[in-house]
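Reader: Hi! I'd like to talk through one part of this model with you. Can we start with a backbone detail?

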Amino acid sequence: MTDWKIPLFTPDLTEDDIQAAIAPIHDGWLTMGDRSREFEQVFANRIGARHAFAVCNGTAALHLALAGIEIVAGDEVLVPSLTFVACANVILTLGAKPVFVDVCGEDDWTICPHDMQRKITKRTRALLAVHYAGFTCRMEELLPIARHNDIAVIEDCAHALFTIHNGKTCGTFGEIGCFSFFSNKNMTTGEGGMLVADDPHLAERIHLLRSHGMTTLTLDRHRGHAFSYDVKEFGFNYRIDEIRSALGLSQFRRLNDNLKKRKAIYEFYVEQLKQIEEIRIPFQNRTQDDVGYHIFPILLRDLQLREPLMNTLKEEGIQTSIHYPPIHRFTAYSRFAQEANCPITERITAGEVTLPFYPGMAENDVTTVCEAIKRHLVISRR
């Protein structure tokens, strides 16, 4: 492993987190139990949703959401190509077809309502709206289109934990909101995820599907509340465990401080980079009530600069990444490439660089990254 001077991210873990994760081992009950239920309740309360379901990872949340609204073979699901491949993988897993939609523009990297409208067919059943880098999709434009065409809206909030727009929290605009607690997310359980929903019938279906379609859980039978069970659906094993839920509860308690630190780091980055002519910082024209900043992406105006810049930063011990390669250009998705027609996505994904961003960064770390970028770009101008 490279010993990075400034890594792309480091998880924010404390001694309280460690002790919280150990506690279920001492208690002797490891699978989903009381801590998981508490985790779900505090999360639902904070989001403003009636129901929350903790699961083993964010991909499971997406899969469970689409299965919950009964996406089947032959259906089409609208999804941006500028996102992590899990979004498309879960669509194919259900036998449905991912229909790739372009993003709004070089200043707004979320799914484009106009391109969405153009790509709706009689088979379109759902929209997977992916909030990017902490910023919401244009839900006030997407939702009327979806409602008019009887399309369910699933929100991927992996980047937008507790982002608020027009008084609503991400995850509560559509039928289901999906969250990830992977190690680089704003709060982490190592692996883990969450779904939120308001509709009681949809919530009951998700509850069944999460655990093999069974009517009672192991904890219920352990406590003598039931002796057997029925299976009402062909379900999955997407349960979370008590260790991860305990860690999630511990992380949750200091999440507000985490988000404040992220905001300060984001604003410091913007202040140092906004005057550099070779760089474009997305979402600068967006106004939101509150943003759960997750990553710091930049767009290089000259696409030829990306690889040399990333190599220079690597030589100086600064880790960078790309969020994301376009899904429709992956080998496994090559059959969708021709019809995807996402020119803005193609442009962004050819010039995007993700800079180090995590709550433990000091201002000196941000300055070190920015000064290295400036030095490289000065040399490139010669």
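Author: Sure! Just after helix 11, G317 takes a positive phi of about 80°. Helices (H or I, at least four residues) and strands (E, at least two) are DSSP runs, numbered from the N terminus.

Reader: Anything I should know about the model itself?

Author: It is a predicted model, where local features need pLDDT of at least 70, side-chain atom pairs count only at pLDDT 80 or more, and totals for chains, interfaces and linings use all residues. Residues are numbered from 1 along each chain as its sequence is written, and side-chain values use heavy atoms, with hydrogens and water left out.

Reader: Thanks! Which residues of helix 11 are buried?

Author: R306, L309, M310, T312 and L313. Buried means under 20% relative accessible area, exposed over 50%, partly exposed in between (1.4 Å probe, protein chains only).

Reader: And why do they line one face of the helix?

Author: Seen down the axis of helix 11, the buried residues fall within an arc of 160°, so they share one face. The arc is taken from the directions from the helix axis to the C-beta atoms. On the other side, E307, K314 and E315 are exposed.

Reader: What covers the buried residues of helix 11?

Author: The cover includes strand 13 (296–300), helix 13 (343–351), strand 14 (352–355) and helix 14 (363–381). Contact here means heavy atoms within 4.5 Å.

Reader: Switching to the sheet, what's the strand order?

Author: It is an open, antiparallel sheet of three strands, ordered 12-13-14. Two strands pair if DSSP finds at least two bridges between them. Strand 12 (279–280) and strand 14 are the edges, each pairing on one side only.
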